[in-house]
Amino acid sequence: MTYSLPIETDRLILRRYVENDYDDLLKLQSNPDVTRFLLYDVRTPEQVQEALTGRLADVPMDSDGQALTVAVILRDTGRHLGEVTLFLNSTEHRTGEIGYVFHPESHGHGYAAEAAVELLRLGFEELGLHRIIARLDARNDGSVKLLNRLGLRQEAHFVKNEYLKGEWTDELVFAMLFDEWNKRS
């Protein structure tokens, strides 16, 4: 499986992380408003350095469990807006998963949608995936609205299935098939 980076849109550049992105990643991953609905809590500087090291590695996206996380940069200013991730869940079944995390000041401008569309395109058109899902905390209304705008359909609502950060939480699962992607674009 092959893919090409960077990806450029009218407003964004989706590119590999570089060492100089540490401060931006620290700002993102150490913000409690950002990590509220994520599986991890606020990260320490050492944990962020470890996360950045993982993001710097070349990922061939040819084995189950691999993940490609790219920085989302505003073209006009070079400002780090957040990141998007494509996980390769199964090569046999050609399934993947998308995720995204953005700085709160970047919300409401359509950046997450613009970047997520490019990740869906990369998954379906470049990596040949058959199905891409998104899993999220059911309380994350903004993410639910985004996935609906992107054309993913809700397939599941798991009630109190995860004990996360001291409480039982519901999980939603959204999905899109390659055929649905083709009809959409």
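Buried means under 20% relative accessible area, exposed over 50%, and partly exposed in between, with a 1.4 Å probe and protein chains only. Helices (H or I, at least four residues) and strands (E, at least two) are DSSP runs, numbered from the N terminus.

This is a predicted model, in which local features need pLDDT of at least 70, side-chain atom pairs count only at pLDDT 80 or more, and totals for chains, interfaces and linings use all residues. Residues are numbered from 1 along each chain as its sequence is written, and side-chain values use heavy atoms, with hydrogens and water left out.

**Exercise 1. Helix α4**

Task: Compare the expected span of helix α4 with the distance between its end C-alpha atoms, then state how far the helix is enclosed.

Solution:
- Step 1. Helix α4 covers residues 111-126, which is 16 residues.
- Step 2. The expected span is 1.5 Å times one less than the number of residues. For α4 this gives 22 Å.
- Step 3. The end C-alpha atoms of α4 are 21 Å apart, in agreement with the expected span.
- Step 4. In α4, 13 of the 16 residues are buried, so the rest of the structure largely encloses this helix.
- Step 5. Just after α4 comes Gly128, with a positive phi of about 70°.

**Exercise 2. The chain as a whole**

Task: List the elements of the chain in order, then test its radius of gyration against the globule rule.

Solution:
- Step 1. The chain holds six helices and eight strands.
- Step 2. Read from the N terminus, the order is β-β-α-α-α-β-β-β-α-β-α-β-β-α.
- Step 3. The radius of gyration is taken over C-alpha atoms, and the globule rule is 2.2 Å times the number of residues to the power 0.38.
- Step 4. For 185 residues, a compact globule would have a value near 16 Å; the chain has 16 Å, which agrees.
- Step 5. Along the principal axes, the C-alpha atoms fill a box of roughly 40 × 40 × 30 Å.
- Step 6. Of the 185 residues, 46% count as buried.
- Step 7. Contact means heavy atoms within 4.5 Å. Among contacts between residues at least 6 apart in sequence, 62% join residues at least 24 apart.

**Exercise 3. Charges**

Task: Count the positive and negative side chains and give the separation of their centres.

Solution:
- Step 1. Lys and Arg count as positive, Asp and Glu as negative; His and the chain ends are not counted.
- Step 2. Each charge is placed at NZ of Lys, CZ of Arg, CG of Asp or CD of Glu.
- Step 3. The chain has 21 positive and 31 negative side chains.
- Step 4. The centres of the two sets lie 5 Å apart.

**Exercise 4. Backbone exceptions**

Task: Locate the cis peptide bond at Pro6 and the positive phi values of Arg94 and Lys160.

Solution:
- Step 1. Recall the background: most residues other than glycine have a negative phi, and most peptide bonds are trans.
- Step 2. Leu5 and Pro6 are joined by a cis peptide bond, with omega about 0°. Pro6 sits in the segment before β1 (7-8).
- Step 3. Arg94 has a positive phi near 55°. Its place is the loop between β4 (80-90) and β5 (95-102). Arg94 is partly exposed, at 40% relative accessible area.
- Step 4. Lys160 has a positive phi near 45°. Lys160 belongs to strand β7 (residues 153-164). At 54% relative accessibility, Lys160 is exposed.

**Exercise 5. Four residues and their contacts**

Task: For Leu12, Thr85, Ser143 and Leu164, name the element and the contacts, leaving out residues up to four places away in sequence.

Solution:
- Step 1. Leu12 is in strand β2 (residues 12-15). Its relative accessible area is 0%, so Leu12 is buried. Its contacts include Ile7, Val72, Leu81 and Tyr111. The C-alpha atoms of Leu12 and Ala116 are 11 Å apart, across 104 residues of chain.
- Step 2. Thr85 is in strand β4 and is buried at 8% relative accessibility. Among its contacts are Ala67, Gly99 and Leu119. From Thr85 to Val101, 16 residues along, the C-alpha separation is 8.7 Å.
- Step 3. Ser143 is in helix α5 (residues 141-150) and is buried at 8%. Ser143 touches Tyr100 and Leu136.
- Step 4. Leu164 is in strand β7 and is buried at 12%. Leu164 touches Leu38, Leu39 and Thr169. Leu164 and Leu39 are 125 residues apart along the chain, yet their C-alpha atoms are separated by 7.1 Å.
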